[in-house]
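Thanks for coming. I'll take a few minutes on one structure, so please have a look at the screen.

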Amino acid sequence: MTPAAAPATLLAFDYGTRRTGVAVGNTLLRQAQPLATLAAEGDAVFAQAAPLIREWQPAALVVGIPLHPDGEPHDNTRRAERFARRLAGRFGLPVHRVDERYSTTEALAAGARGDAADAAAAAILLEQFFREQTLRPPTAQDTDAAA
């Protein structure tokens, strides 16, 4: 997404093995709002994501990639990367990745609780993506091209 591009809707996912937060935002306002928490595991999360993707018709998706505080990957990093690749494959949309370190902590600090914290974390990720896009152009590592 470039600043000169036409306004577009994006959905962001804060992936978890049991719950996945979802947020929606657009490139014009560069703001995000929590949308839903998908309480599903495995492939069931894609079945719950599909109606949201049909409803909002996003131009792209954003997935938070968890890392250790020192930037090193861990087991959940691999899971979130796989989730991002599968989103791209299933829905044929570009999938951008953002560093999600501390997004859930930030959502909790802002007062979000329970399932709402997952969706709030997804909104934080999407707004982070918007901020990063004003600072630099996207790279090939940021997205999966739709197959």
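Which residue follows helix 1, and what is the sign of its phi? It is Gln 57, and its phi is positive, near 50°. Keep in mind that this is a predicted model.

Let me go through the layout before coming back to that helix. The protein has four helices and six strands. Along the sequence, the pattern reads β-β-β-α-β-α-β-α-α-β.

Now helix 1 itself. It covers residues 44–56, 13 residues in total. From first C-alpha to last, helix 1 reaches 19 Å, close to the 18 Å expected at 1.5 Å a residue. Its buried residues are Val 45, Phe 46, Ala 49, Ala 50, Leu 52 and Ile 53. What do those buried residues pack against? Four strands and a helix are on the list: strand 1 (9–14), strand 2 (19–26), strand 3 (31–39), strand 4 (60–65) and helix 2 (75–91).

Two of those partners, strand 2 and strand 3, pair with each other in the antiparallel sense, over eight bridges. Within that pairing, Val 24 stands opposite Gln 33 in strand 3. The hairpin the two strands form has four residues between them, and there Arg 30 takes a positive phi near 60°.

Last, the whole chain. Of the 147 residues in the protein, 42% are buried. Among contacts with a separation of 6 or more, 62% come from residues 24 or more positions apart. The exposed surface is about 7600 Å², and carbon and sulfur atoms supply 52% of that.

That's it from me.

Technical notes:
Residues are numbered from 1 along each chain as its sequence is written. This is a predicted model: local features need pLDDT of at least 70, side-chain atom pairs count only at pLDDT 80 or more; totals for chains, interfaces and linings use all residues. Side-chain values use heavy atoms; hydrogens and water are left out. The expected span of a helix is 1.5 Å times one less than its number of residues. Buried means under 20% relative accessible area, exposed over 50%, partly exposed in between (1.4 Å probe, protein chains only). Contact means heavy atoms within 4.5 Å. Two strands pair if DSSP finds at least two bridges between them. Accessible areas come from the Shrake-Rupley method with a 1.4 Å probe; for residues, only the protein chains shown count as cover.
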